[in-house]
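Grab a pencil and work through these short exercises with the structure open beside you. Try each task before you read its solution.

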Amino acid sequence: MRTTIRRHVSAAERRLEAYEVAYLAGGPQRVLETALFALRDRGAVTVVGPRVRAVRDADGTAEHPTGRPARHPVERAVLASCPRGRSLAVVAKAVRGGPEVAEIKHGLVALGLLTRARHRLTQAGRTQLEAARNEGTLPAYVFDGPAAHGDRRLRRVVAGTAIPAGLGRSLIRMGRAADPDHEYDHGSEDGRDPDSAAGSHSSPEPGGFSCGSGGGGGGGSD
């Protein structure tokens, strides 16, 4: 009988990629924001008002007229969700709750960078996040969200995809009322602490998940 031994790989043994760092910095919402900014800056999507659309060649066969394919499964998920244009809110909800973001979460838990129960940053997670910031190779919006992007109009629209403050609590209360025998976690519907949901970019601990990212209010266009 053959026995296979799996070796646990720690975070220190490999370099975290941008979307893993984004999850540590702001959870599923920051992953979404990072993908939207990256795709828009590379010309892979257009964002007009509340709608996002994947850019294709005239014959509709190529995802990117610039010849740059999506570089990450999350980016491919964004493109697949809006081939002919779709509400940004609909795309945001689909991507945040999609398997690509869930896989990032599970990987970070396995590395010991997020807790298993409520997916909070561990001490190792905070250390990795700080190291990634100090390295200075990733865009500032990976860490700070829409407030760090230079296009005020774009960052206002992207920040508007955040789950409104208090909505997580409301959804939990609704679920509890419908199923009083079910034991609910006190986090939001995507596993984050409701006190770190949209509305305030600040967090009581470094890297605390914040949907709002503090960048929504920039009026006007560049």
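**Exercise 1: Contacts and layout**

Task: Among contacts between residues at least 6 apart in sequence, what percentage join residues at least 24 apart?

Solution:
- Step 1. Keep in mind that you're looking at a predicted model.
- Step 2. Take the contacts between residues at least 6 apart in sequence: 66% of them join residues at least 24 apart.
- Step 3. Now put the elements in order. The protein has three strands and eight helices, and along the sequence they read α-β-β-α-β-α-α-α-α-α-α.

**Exercise 2: The nonpolar core**

Task: How many residues does the largest nonpolar core have, and which have the most contacts inside it?

Solution:
- Step 1. Start with the whole protein: of its 222 residues, 42% are buried.
- Step 2. Recall a general trend: in soluble globular proteins, nonpolar side chains tend to be buried together.
- Step 3. Here, the largest nonpolar core counts 43 residues, and Leu24, Val31, Val52 and Val74 have the most contacts inside it.
- Step 4. Helix α1, residues 18-41, supplies the largest share of this core, with 13 residues.
- Step 5. Zoom in on Val52. Leaving out residues up to four places away in sequence, Val52 touches nine partners you can look up, including Leu36, Val45, Cys82, Leu88 and Val91.

**Exercise 3: The aromatic pair**

Task: Which two residues form the aromatic pair, and are they buried or exposed?

Solution:
- Step 1. The structure holds one aromatic pair, made by Phe37 and Tyr141.
- Step 2. Two values describe such a pair: the distance of the centres and the angle of the planes.
- Step 3. For Phe37 and Tyr141, the centres are 5.1 Å apart and the planes make 45°, a tilted pair. The cut-offs fit: stacked needs under 30 degrees and edge-to-face over 60, so 45° falls under tilted.
- Step 4. Phe37 sits in helix α1 and Tyr141 in helix α6 (residues 140-144), so the pair links parts of the chain 104 residues apart.
- Step 5. Buried means under 20% relative accessible area. Phe37 has 0%, so it counts as buried, and Tyr141, at 10%, is buried too.

**Exercise 4: Two crossing helices**

Task: At roughly what angle do α1 and α7 cross, and which residues make the contact?

Solution:
- Step 1. The axes of α1 and α7 (residues 152-159) come within 11 Å and cross at roughly 145°.
- Step 2. The crossing is right-handed.
- Step 3. From α1, the contact uses Gln29, Glu33, Leu36, Phe37 and Arg40; from α7, Leu154, Arg155 and Val158.
- Step 4. Sort these by class: four nonpolar, three charged and one polar.

Notes: Residues numbered from 1 in each chain as written. Predicted model: local features only at pLDDT ≥ 70, side-chain atom pairs only at ≥ 80, totals over all residues. Heavy atoms only, no water. Core = buried A, V, L, I, M, F, W, Y, C linked by side-chain atoms within 4.5 Å. Buried < 20%, exposed > 50% of the residue type's maximum accessible area, 1.4 Å probe, protein only. Helix = DSSP H or I, 4+ residues; strand = E, 2+ residues; numbered from the N terminus. Contact = heavy atoms within 4.5 Å. Phe/Tyr/Trp six-rings, centres within 6.5 Å; stacked < 30°, edge-to-face > 60°. Axes fitted to C-alpha atoms, helices over the stretch in contact; angles between N-to-C directions. Left-handed = near helix turned anticlockwise from the far one by under 90°. Nonpolar A, V, L, I, M, F, W, Y, C, P; charged D, E, K, R; others polar.
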